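These entries record what I looked up, topic by topic. I set out each query with its result.

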Amino acid sequence: STGYKRVAKLPSGRFRAKHKVDGRHQSLGYFGTAVEAAVAYARAVGEYTPAVAAEPAAVAAEAEVVAEAEGLRLHLSSSRATGYKGVQQCPSGRFHAGHRVDGRRVCYGTFDTAVEAAVAYARAVG
């Protein structure tokens, strides 16, 4: 048990968050930590209240600053609709970061902005 509602640790070591919508389980994504998964669950069910409500543009700008401060290089892509390698937009409007390793899909999480997903991808692949 992770200690967080609707958060499960997978055999891969990653964490999955999900919740029920109209009696059906809906995946909220896969995350590197239980806390990230718990925050995703709390946001989905309306229980998450950030200390400061930030606009998406502010979040994206902050993510770019974090990437620069950490010395990360975001992987740009002219062939991806999001503009970033390893980042795709989900039907929910959120953004998924991941890639394939030895033919298996590796997920780095689902994020509110493409830049946040690109930062997660850059952290994972260098």
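**Entry 1: charged pair**

With which residue does Asp-112 form a salt bridge, and how far apart are the closest N and O atoms? I worked from a predicted model. I found that the partner is Arg-94, with the closest N and O atoms 3.1 Å apart. I next placed the two residues: Asp-112 is in the loop between β6 and α3, and Arg-94 is in the loop between β4 (87-89) and β5 (95-101), so the pair ties together parts that are 18 residues apart in sequence. I then looked up accessibility. Asp-112 has a relative accessible area of 37% and is therefore partly exposed. Arg-94 counts as buried because its relative accessibility, 18%, is under the 20% cut-off. My count of salt bridges in the model came to one.

**Entry 2: aromatic rings**

I searched the whole structure for aromatic pairs and obtained one. The pair is formed by Tyr-108 and Tyr-121, with 6.4 Å from centre to centre and 70 degrees between the planes. I recorded the geometry as edge-to-face because the angle is over 60 degrees. Tyr-108 belongs to strand β6 (residues 104-111) and Tyr-121 to helix α3 (residues 114-125); the two are 13 residues apart, and the pair links distant parts of the chain. I noted both tyrosines as buried.

**Entry 3: Ala-120**

I stayed with helix α3, where Ala-120 also lies. Its relative accessible area is 11%, so Ala-120 is buried. Leaving aside residues up to four places away in sequence, I listed its contacts as Ala-97, Tyr-108 and Phe-111. Tyr-108 is thus a neighbour of Ala-120 as well as a member of the aromatic pair. I also looked up Leu-74, which is 46 residues from Ala-120 along the chain; the C-alpha atoms of the two are separated by 9.3 Å.

**Entry 4: Arg-14**

Which backbone oxygens does the side chain of Arg-14 reach? I found the backbone oxygen of Cys-107 at 2.4 Å. I also found the backbone oxygen of Tyr-30, which lies 3.4 Å from a polar atom of the Arg-14 side chain. Arg-14 is located in the loop between β1 and β2. Is this arginine buried or exposed? Its relative accessibility is 18%, so I entered Arg-14 as buried. Beyond four places in sequence, its contacts include Ala-8, Lys-9, Phe-31 and Gly-32, together with Tyr-108 and Gly-109.

**Entry 5: helix α1**

I asked which residues of helix α1 (residues 34-44) are buried. The list reads Ala-34, Ala-37, Ala-38, Ala-40, Tyr-41 and Ala-42. I then looked up what these buried residues pack against, and found β1 (7-9), β2 and β3 (24-31). After α1 comes Gly-46, for which I noted a positive phi, near 80 degrees.

**Entry 6: His-19**

I turned to strand β2 (residues 15-21), in which His-19 lies. His-19 counts as buried because its relative accessibility is 10%. Setting aside residues up to four places away in sequence, I found that His-19 touches Tyr-41 and Ala-44, both within the span of helix α1 (residues 34-44). Its other contacts include Arg-24, His-25, Gln-26 and Leu-28. Arg-6 and Val-45 are also among the residues that His-19 touches.

Note on methods. Residues are numbered from 1 along each chain as its sequence is written. Side-chain values use heavy atoms; hydrogens and water are left out. Helices (H or I, at least four residues) and strands (E, at least two) are DSSP runs, numbered from the N terminus. Buried means under 20% relative accessible area, exposed over 50%, partly exposed in between (1.4 Å probe, protein chains only). Contact means heavy atoms within 4.5 Å. Rings of Phe, Tyr and Trp (its six-membered ring) pair if their centres lie within 6.5 Å; planes under 30 degrees apart count as stacked, over 60 as edge-to-face and the rest as tilted. A salt bridge is a side-chain nitrogen of Lys or Arg within 4 Å of a carboxyl oxygen of Asp or Glu. A polar contact is a pair of N or O atoms within 3.5 Å; within protein, one must be able to donate a hydrogen and the other to accept it, and residues adjacent in sequence count only if both atoms are side-chain atoms.
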